[in-house]
Amino acid sequence: MAEQRSTRRAGTRQPRTTPVVIAGRTAACGVSLAVLAVSGFAWYTVNDLNGVTRSNALEEAKKDAPKHLDKSINLLLIGLDSRKDMDGNDLPKEFVQDELHAGSSEIGGYNTNSLIVLHIPPSGKVQAVSIPRDDWVQTYGADGKMHKVKEAYGYAKDAAEQKLRAKGVKGADLEHQSREAGRSATIQTVQKLLDIPIDHFAEVNLLGFYDIAKAVEPITVCLNKPVNDPITSRVTDSKGNVIKEGGGTGLKLPAGESQLDAAQALSFVRQRHYLLNGDLDRTHRQQAFIASVEYKLKQQGVMDDLGKLQKLLDVVKKDVVIDNDWNILDFAQQAPNLTGGNVEFNTLPIDKFANIGGQEVNQVDAAKLRRIVKQLFGQAAPDPAPAPATTTEAPEAGPPANAAETTVDVFNGSPVGGAAADESKALTALGYKAGKATNSETRPKTTVVKYGAGAKDAAQQIATRYGATAVAATGVQAGHVQITLGTEYTAPGGGAPAANNGADPSPTATLQMQGPAVKAGGVPCVD
């Protein structure tokens, strides 16, 4: 998906690159956030933090940060796409290219492939939200223009590097100081986008992930269906048209649980082929991986064993960057909320895919994202329910008389997770027979409605639901209507939430998210 379509800006010293994957070859350093989500939480038990890199990058963001309404903490986890060490040196070829199939060490991009905000309240469930990396947003810290959120770091780093070079700064000092500008820009961009204060941050790159993945392997993951992603991969639709092509991860796993080593873990979170929603589905894998690692360390008693924690810390601290203001002892008061399955991960929604200036991006409504985050974090009242309609217009016509004889197949080509199943249920409730409800091999921009013999009236009525025109198609079975939800799909009627059948209300029950939540406390299964 985005790996194929991203376009690097002119005038930078890096070749064309994208986070997590470069044409399917870049290793996923975003999964290194699992390290922070586990070992980072345990640092409070260790007094010796010598060797952990500290950063001043929060200073600028704190000058105009929104105010807290309670004693909660917002922690930004940054997964940096870089195959360079802390001093800017290339990682060894045999590590990056030969062992991990992660491309050349010379690539060394500085996009943030993972951005997760952890909201840690004084008590209760921790909420984590992932920001899709291709979201088109206002960035800060460099040129102040609209870019993909992942690019805030790289633009600011490049701008700072040019100024520093003019002053004669070079070598490791140049790398350290320019990265500080990238971190600051990323923090400011996220803070402005979501209108929340960022209290602390932690950054890890590819090397950091791999070191810690080696320390905790094997790691259990769970898939809803088997995967086979050849290193040389080409994905086609039913007609043989190429949908995606490029280098795959080499990952081949069955459905259900599997035990992964560190290299397989990278492949697990960086796979882009055969995933309907590309980066968006991969984000759920990152979340599930974090949950699985946390669960393993909890089950093995690592969180409660000072000796084991110290050993893990010795691996972590050389690869992690945290802010200067992070007082580990104070943070200890919040630590109990971060273990024992008390974290829920969600992915913030996108409105639609778009092409802007030759780049494929996710268009988002920043105001909507702020409302969602404030409600999820318990800092705003839910949106009021709409007032009852008072119109005197005639009600919409119901389904045709032969609805019960018409089977409706729904294929999801939209970025909305679970939309096919939701629409199938909604249409069944209207009197139609449920057919297939699965992912689509194609991604039409608008929703397409086709029908077979004898289903014209039903198709025309269904098409009005999506603002589409029903079209007869010889490839559709008699008595069937086939719906392919487009990339601009939104749930008809505003996507009213389904009843929870007496279950305890969830903070996300009425919030639009990008796919289902991933909950910690076990090994969650994902696509």
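1. Let's start with the term we'll need most: a salt bridge here is a side-chain nitrogen of Lys or Arg within 4 Å of a carboxyl oxygen of Asp or Glu. Keep in mind that you're looking at a predicted model. With that rule in hand, take K352 and E488: their side chains meet in a salt bridge, with N and O 3.9 Å apart. That value lies within the 4 Å cut-off, so the pair counts.

2. Where do K352 and E488 sit in the chain? K352 belongs to strand β16 (residues 352-356), while E488 is in the loop between β22 (480-485) and β23. The two are 136 residues apart, so this salt bridge links distant parts of the chain. Are K352 and E488 buried or exposed? Neither label fits: K352 is partly exposed, with a relative accessible area of 29%, and E488 is also partly exposed, at 29%.

3. Next, have a look at E344 and K519. Their side chains form a salt bridge too, at 3.8 Å from N to O. E344 is in strand β15 (residues 343-347) and K519 is in strand β23 (residues 518-519). That's another link between distant parts of the chain, this time 175 residues apart. E344 has a relative accessible area of 2%, so we call it buried.

4. Now for R183 and E203. The closest N and O atoms of this salt bridge are 2.8 Å apart. R183 lies in helix α6 (residues 171-194) and E203 in strand β7 (residues 200-204), so the pair ties together parts that are 20 residues apart in sequence. Both R183 and E203 are buried.

5. Why would side chains like these pair up at all? Side chains of opposite charge can do so when their charged atoms come close.

6. Salt bridges don't have to come as lone pairs, either. Find K157, E161, R165, E175 and R179 in the model: a network of salt bridges links these residues. And how many salt bridges are there by our rule? The count is 17.

7. Finally, step back to the whole protein chain. It has 14 helices and 24 strands. Of its 527 residues, 54% are buried. If you take the contacts with a separation of 6 or more, 77% of them are between residues 24 or more positions apart. The accessible surface comes to about 22,200 Å², and carbon and sulfur atoms account for 50% of that.

Note on methods. Residues numbered from 1 in each chain as written. Predicted model: local features only at pLDDT ≥ 70, side-chain atom pairs only at ≥ 80, totals over all residues. Heavy atoms only, no water. Helix = DSSP H or I, 4+ residues; strand = E, 2+ residues; numbered from the N terminus. Buried < 20%, exposed > 50% of the residue type's maximum accessible area, 1.4 Å probe, protein only. Contact = heavy atoms within 4.5 Å. Areas by Shrake-Rupley, 256 points an atom, 1.4 Å probe, with all protein chains shown as cover.
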